[in-house]
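Reader: I would like a close look at the side-chain contacts of this model, with charged pairs and aromatic rings treated together. Please go through them carefully and give the distances where they exist.

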Amino acid sequence: MESHNILEYGEFISSVRQNRDSKFGFLLGAGTSLSSGVQSASDCIWDWKREIYCRYNENHRINFPDARSKFAKSQIQKWLDAQGGYPALGAEEEYVFYAEKAHPIASDRVRYFNSLIHDKVPYVGYRLLCLLNKYSIVESVWTTNFDGMAERAAHQMNITPKVITLDNQQDIYRTISNTELMCISLHGDYKYSTLKNTSSELDNQSEVFCQVMTYYFTTRHLVVLGYSGRDKSLMYALKNTFTTSGAGRLYWCGIEESPSSKVLSLIQDIRNSGREAFYIQVESFDKTMISLSLALSDGNREMYDVVMSEMAKYRESVKLEPFKVKGHCARYLLRDNLYPIKLPNSLLKVDLKSGANIADIRKVVKNKPIFIAEQKGTLYAIASYSDLESELKEYFTGDIVRTPISLKDISANGAFKSIFLKAILYGLSKLICLNCSFGKRLIWGDKVFKNVNGMPVLYALSIGLNFIEDKEYATLSLRPELFFTDKDMPKEQRQEVSRQYFSKLWNKKYDETLKEWESIIFKSNHLKFCIPKGNERFQFQISNNSSLSLLLGKDHDPAIIIPQQLSNRILFRGGIIPEPLLCFPSINAERDNFDWNQMRGLVRNKPTDYWKDEKFSIGVSLSVIAPIEKSGRFASFISNLSRNLSPVKKDHDYLVDYPGFNSAYHTQLFIPSPGTDKWQYSKLYYTSAYEIASDITLKINRLAINGQSVILIFIPKEWEKFKTLNHKGEKIDLHNYIKAYCASRGITTQLIEEKTLTDIMLCEKIWWLSLAIYVKSLRTPWTLASLDENTAYAGIGYSILSKVDNEQHVVMGCSHIYNRFGEGLKYKLQKVNNPIFDRKNNPYMSYEEAYKFGTMIQNLFLESMDKLPTRVVIHKRTHFRNDEINGIKDSLKAAGIETVELLTIEFECERKELPYDINRYGVGIHNYPIKRGAYIVISDNTFLLWTHGVVPSIRNESLSYYPGGIGIPAPLKITRYSGSSTVQTIATEILGFTKMNWNSFNL
């Protein structure tokens, strides 16, 4: 398509803003009402197809309660195609054909449409559209919809809608006042006698409407949103309108990257006539209306405030229910690596001269007992008055004063926390004569772990500063680490050396290592030191006793008796979340069975979607792309999918025998042979990542033509040097590029690297591969038994993409939108406009962008479900700023979603917990790590959760097993910014989702 026919989204917004003194009309299709809960035309078509299908296949009605899943659509369409006499998939006549076929009686069609809209409320896009009418920008709304949303929104905004339908079309000539919005219903309205939804009706647009449209848009611009161009007569009317001489411009907005052939033809006809028409790719109606409203209110503070007020219309004050631990029975006692520390309660501060450079100041105080941070032109310091004045006097103005500071102030301010942590590192290192690194937060001596490349790797201690709500002290985390004296050691080599050390650092060894460091630091006494020496105003006091955590159980659980000397050290409490149960149909399919283990549940029962293969006998088909030189070896490897395999003895605690794909998943697996149509040969040697990507995607397209299959792509070691690809100015991982290419086209793939093709852990590899294949064939292996069916979940993350010209922009990904059945999985990328960055270069959304994000995930929910959830849980890895909290909640609350839970989930690497073994022989550190499912509440809104840890053996549940068996498991740190669910509910959900990662059977 010629570039001058397309406007970028930002160019479109700018163009409308530049023409705000002109008058605009909007033509709205079914896509604009999706966020108001009204089905799209496409959803209606699939409703009707399902109705027809079930009319002749009544016993399948229970299998297709909703026709939105890919599998349901494929089976229904396959049946329709086999019958003959039905339109081809995607044909223009589908809508009118199936409307008449499903509901041949006109009054039944009216009743059907009425059922879709009777309780629906206009979402923010409609309200902002009416707001633009108030400011004399939008005069009219033309719509093919039957839902009356524009009219309802006008009433909500205290605007008088002048509704014109087929029954009163002559009123279109009446003069419109400044307090009215003209709403033209092109297809009629169910409230009136005439409703256009069948073929004969849709192909005859009212002559009056056509004449008025041509006259009306001679001088006005038309913005089209949510309309596909389905109706021949309306497209003809638009062509006639905008090819007639005039100044009005056509902006056609669609969600696809390029316009359909019908829309493209219309745009080209208009441009050939000498008038202007453009196509703009947009994400949604609501997001577009938000962008337009904000742009049009730029420079008009009154209008901007009204727009923001409308967006925040349903805001409620944020109320956070504190997390509470349930239970009274002492079940497990844990040794923490946290040591209480009392910090000074003040800092020195002085105003800096204008132009003072903080980088220069840091150079001056380097290696001196002066620790500084700059905040808004003020310098804060831990130092003596004399040192500060003698070293930095030329940089400040005024007197040095002492200012009080609380633990809460330090905890909330990263710069203040950094001052105190550097002072602690300096003080400790000087006191016990060790080296320290502020950047790495390490202290170390001269004890050698091993020599690598002739350079020593030294034992070290990592130090962190942590805070506890409502305590008069903080805690210092001490964690064994390594210090690499060879600064040029390759990253991969460092990782391998670290793995060698930490993989063997199990509970008792970890405890012994901590005690060694305790003896070095404390020498059996509490520790005190001052910065600088002798300055008691900056005194630090550290306890030599680490804190403890207590996990509580139910009253009937067996309790442990805790010695008094340990009981006094308990700072934190938590509990154990039972393993979430998974649901499987029984072998005879008469009931559902439950098992916490995925593999055992499959072998003893059936997968959730077994019925697809029993009823339709379709099986799972594979296709392959591999170099001819290595196809024989690869064919041998994937043939294991059809064989019985047993794990080696050491893996019996977490692996069951693999019974072959057919027996495990109750369906047939079709594996192609090299040289057949479904086995495409790639080259072994390429000259660039671009050449690999081009060739592989070409072969993927060839295989996709042959029908639905899972494509296995073999990645030989010869391709390892081509890991990144330059695509449209972005540096992209080659594997991710291939995955994204396929995902955008609905093609499922599995990439398998050559290093996988060994006999080591073969049973595990084949179990994992078989699961990935089954899931990617659009089947569900199991469901969670405990999640609320009215809750939906979203995970969001940010990526800063580096362009070739070193520019950056932020892309936000939204993924894992599903209910408890694992359905509705979606993934969506969108650019974040005007991101806000913190000191660590983490990006955040403004209120406006967060609001748009809320509308986006609401649309994703509506695409996947037949109704909006009542509770939404959103996870991300960085904290939620106030603008993000308000923007997301305002948009979701406006849609009628009652509860919004906002959680950050991070890895907590500083915290290590070692379970005690308390028995009649005494107290010692347990051989096994902490249990999976353990949680510890560390503040009203924060808790730690261990998703990796000890689980029962799959062979004998009275025995314990530690998956992986490496080192000490680290917890997740979950912080809540909105919501009221219990810690047990949130922990159970997160623990359950670890079992919905269908790339593996890991716990």
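Author: What follows is a walk through the side-chain contacts, from charged pairs to rings and then to the places where a charge meets a ring.

The model is a predicted one, and a search of the whole structure finds 38 salt bridges. Side chains of opposite charge can pair when their charged atoms come close. One such pair joins lysine 239 to aspartate 269, with 3.6 Å from N to O. Because lysine 239 belongs to helix α10 (residues 232-243) and aspartate 269 to helix α11 (residues 261-272), this salt bridge ties together parts that are 30 residues apart in sequence. Both ends have some access to the surface: lysine 239 is partly exposed, at a relative accessible area of 36%, and aspartate 269 is also partly exposed, at 27%.

A salt bridge within a single helix is found at lysine 852, where the closest N and O atoms of lysine 852 and glutamate 849 are 3.2 Å apart. The two residues both lie in helix α28 (residues 847-864), separated by 3 residues, which is about one turn of the helix. Their surroundings contrast with those of the pair described above, since lysine 852 is buried with a relative accessible area of 6%, and glutamate 849 counts as buried at 3%.

Glutamate 389 and lysine 393 form another salt bridge, at 3.9 Å from N to O. Here the two partners fall into separate accessibility classes, because glutamate 389 has a relative accessible area of 39% and is partly exposed, while lysine 393 has 51% and is exposed. Charged residues can also be joined in a wider arrangement, as in the network of salt bridges that links Lys630, Arg633, Lys717, Glu718 and Glu754.

Covalent links between cysteines do not add to this picture, as the structure holds 0 disulfides. Among the cysteines, cysteine 583 is buried, at a relative accessible area of 10%, whereas cysteine 909 is partly exposed, at 43%.

Turning to the rings, the structure holds 45 aromatic pairs. In one of them, the ring centres of tryptophan 782 and phenylalanine 1001 are 5.9 Å apart and the planes meet at 45°, so the pair is tilted. This pair links distant parts of the chain, with tryptophan 782 in the loop between α27 (762-776) and β32 (783-784) and phenylalanine 1001 in the segment after α30 (983-993), 219 residues apart. Tryptophan 782 and phenylalanine 1001 are both buried.

Phenylalanine 880 and tyrosine 977 make up another tilted pair, at 5.8 Å centre to centre and with 55° between the planes. This pair, too, links distant parts of the chain: phenylalanine 880 lies in the loop between β38 (871-876) and α29 (882-894), and tyrosine 977 lies in strand β46 (residues 972-978), 97 residues apart. Phenylalanine 880 counts as buried at 3% relative accessibility, but tyrosine 977 is partly exposed, at 21%. Elsewhere, ring pairs link Tyr53, Tyr56, Trp79, Tyr86, Phe97 and Tyr98 into a cluster.

Charges and rings come together at phenylalanine 880, where the charged end of lysine 876 sits over the ring, 4.9 Å from its centre. Phenylalanine 880 therefore has a ring partner in tyrosine 977 as well as a charge over its ring from lysine 876. A further contact of this kind places arginine 402 over the face of phenylalanine 538, at 4.9 Å from the ring centre.

Definitions and conventions
Residues numbered from 1 in each chain as written. Predicted model: local features only at pLDDT ≥ 70, side-chain atom pairs only at ≥ 80, totals over all residues. Heavy atoms only, no water. Disulfide = S-S within 2.5 Å. Buried < 20%, exposed > 50% of the residue type's maximum accessible area, 1.4 Å probe, protein only. Salt bridge = Lys/Arg side-chain N within 4 Å of Asp/Glu carboxyl O. Helix = DSSP H or I, 4+ residues; strand = E, 2+ residues; numbered from the N terminus. Phe/Tyr/Trp six-rings, centres within 6.5 Å; stacked < 30°, edge-to-face > 60°. Lys NZ or Arg CZ within 6 Å of the ring centre and 35° of its normal.
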